[in-house]
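Q: I'm new to this structure and would love a close look at a single part. Could you pick one helix and walk me through its shape and its charged pairs?

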Amino acid sequence: MRTSEALLAKHFGDLATVRGILTYKLSPFEQRAFAGAISHGLPNIFRRIRSKIFIVAPPFIVGYLVYTENEKEHQRLMRKNPDDFKDDK
């Protein structure tokens, strides 16, 4: 078997040999996916929200106010003026 045929016969993960790098794996059955999710996660969420709320919220509030006022104005401008049609029969 030639070298090119040997490379074609290998699977994608076996194409190269990496030396000097150690990898460690833990079985998915031994991991605790939600370890500390409530005791550490929830306080961290509240801390992050409290630290960023005054940075993120004002642009959204301004955007909402601009949008609602523009929608009100648009609806007002789309109405027909009754005085324009008082002479029609």
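A: Happy to! One term will help first: buried means under 20% relative accessible area, exposed means over 50%, and partly exposed lies in between. Please keep in mind that this is a predicted model.

Let's look at helix α2, which covers residues 37–78. If a helix of 42 residues were straight, it would span 62 Å at 1.5 Å a residue, yet α2 spans only 52 Å between its end C-alpha atoms. Along the way, α2 has a kink of about 60 degrees, and this kink is centred on Ile53.

Now for the charges. Side chains of opposite charge can pair when their charged atoms come close. A search of the whole structure finds 2 salt bridges.

One salt bridge joins Glu69 to Lys72, with the closest N and O atoms 3.5 Å apart. Both residues sit in helix α2, 3 residues apart, which is about one turn of the helix. How open are they? Glu69 has 46% relative accessibility, so it counts as partly exposed. Lys72 has a relative accessible area of 55%, so this residue is exposed.

The other salt bridge links Glu73 and Arg76, and here the closest N and O atoms are 2.6 Å apart. Glu73 and Arg76 also both belong to helix α2, with 3 residues, or about one turn of the helix, between their positions. Glu73 is partly exposed because its relative accessibility is 34%, a value between the 20% and 50% cut-offs.

Notes. Residues numbered from 1 in each chain as written. Predicted model: local features only at pLDDT ≥ 70, side-chain atom pairs only at ≥ 80, totals over all residues. Heavy atoms only, no water. Helix = DSSP H or I, 4+ residues; strand = E, 2+ residues; numbered from the N terminus. Expected span 1.5 Å × (residues − 1). Bend = angle between axes of the 7 residues up to and from the residue. Salt bridge = Lys/Arg side-chain N within 4 Å of Asp/Glu carboxyl O. Buried < 20%, exposed > 50% of the residue type's maximum accessible area, 1.4 Å probe, protein only.
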